[in-house]
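Biologist: Hello! Please pick the part of this model that a loop-minded chemist ought to look at closely, and then show me the packing behind it.

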Amino acid sequence: MTFFNIFYYLCSMIFYFSGTGNTRWLAKQLAEATGETLYFIPDEMKKSGLQYTLEDSERLGFCFPTHGWQPPRIVREFIRRATFKDVGYCYALTTCGDNMGFAMRIFDKELRGKGLHTDARFAVVMPESNVCFSFLHLDSPEKERQKIEAAKVRMSHIIDVISRRQEGVEELVTGAIPRTYTYVIGGYYNKHLIKDDKLWVDEDACISCGLCSKLCPVDDIEGTPPHWKHNGRCTNCLACYHHCPKHAIHWGKMKRGQYLFREK
């Protein structure tokens with residue numbers, strides 16, 4: 001038997017991706033409440049033979065942020081590379097600043113390509129972190145607090161649904177014009193803005209701490225001051241931008257603030 005024929009035998013699991021901490025916070029709550037194990041998708045992507053078998057038909061969960069009203073590229077690539085067997089119950093949760101358009105439709109299509117479907121699908125509104133559109137703005141501290149408090153209440157319900165394995169659940173926040181959000185605006189965003197060309201560093205402000213390189217989920221940053229490799233791997237999660245302790249990293253010409261998840 002070759003390595004590529006070996007499946008990882010695992011109990012209930014949650015695969016997640018997070019850039020600013022919003023989705024990680026929710027995934028961690030799910031894991032603690034349900035006893036499921038967390039797996040960070042970028043770490044899994046570094047492995048060969050992404051094949052997983054669940055013991056006793058356990059639960060399989062996915063948690064990811066909405067990027068430009070679509071699932072992040074790295075999440076879609078993980079689904080395409082991975083194989084899952086003996087899934088008893090599957091659910092997905094996406095976070096979004098205000099709405100997620102038809103992001104979950106795209107995610108479900110990726111799952112169907114692997115012979116899976118979601119039994120329950122959720123969206124949770126969290127503080128905004130996208131600084132790539134002129135019409136999007138970070139939330140005020142008070143609005144951040146309100147969204148986080150609402151998310152706590154929402155998660156209690158979601159945990160109950162998942163724990164009881166309820167099927168046919170769809171609780172999404174698609175917005176007023178989801179098709180336009182996802183396939184027009186989001187289509188442009190994901191085709192033209194999911195790259196590192198617009199990221200740059202103010203070398204006078206940079207303290208060469210290397211945090212941006214360490215946190216980049218696709219190893220697209222090297223050196224200090226940071227240099228982006230321009231190799232097409234950037235997923236535009238903005239972890240480098242938002243985590244920089246001196247706000248020395250910028251995206252394009254717009255001067256925007258930073259956001260990292262902090263429980264209020």
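Modeller: Happy to! Helices (H or I, at least four residues) and strands (E, at least two) are DSSP runs, numbered from the N terminus. This is a predicted model, in which local features need pLDDT of at least 70 and side-chain atom pairs pLDDT 80 or more, while totals for chains, interfaces and linings use all residues. Residues are numbered from 1 along each chain as its sequence is written, and side-chain values use heavy atoms, with hydrogens and water left out.

Let's begin at D219, in the loop between α7 (211-215) and β11. Its phi is positive, near 55°, although D219 is a residue other than glycine. D219 counts as partly exposed, at 31% relative accessibility (buried is under 20%, exposed over 50%, partly exposed in between; 1.4 Å probe, protein chains only). Following the chain past β11 (221-222), we reach P225, in the loop that runs from there to β12 (227-228). A cis peptide bond links T224 to P225, with omega about -10°.

R165 makes a nice companion to D219. R165 is not a glycine, yet its phi is positive, at about 55°. The loop that holds R165 connects α5 with β9 (169-171). R165 is partly exposed too, with a relative accessible area of 30%.

Now for α5 itself, residues 141-163, which packs against α1, residues 22-34. The angle is about 40° and the axes are 10 Å apart, so α1 is oblique to α5 (neither under 35 nor over 145 degrees, nor 65 to 115). On the α1 side, W25, L26, Q29, L30, A33 and T34 make the contact (heavy atoms within 4.5 Å). Among their partners on α5 are I148, M155, I159 and S163.

A second pair is α3 (residues 73-81) with α4 (residues 103-112), whose axes lie 9 Å apart at about 15°. Therefore α3 is roughly parallel to α4. V75, R76, I79 and R80 of α3 meet I106, F107, E110 and L111 of α4.

From α4, F107 takes us inside. Leaving out residues up to four places away in sequence, F107 touches F62, F64, P71, V75, I79, A92 and T118. F107 is also one of the residues with the most contacts inside the largest nonpolar core, alongside F15, L60, F62, F78, F84 and I249. That core has 54 residues. Apart from it lies another core, of 25 residues, including W25, C63, Y91 and F261 (a core is buried Ala, Val, Leu, Ile, Met, Phe, Trp, Tyr and Cys joined through side-chain atoms within 4.5 Å).

Conventions: Axes fitted to C-alpha atoms, helices over the stretch in contact; angles between N-to-C directions.
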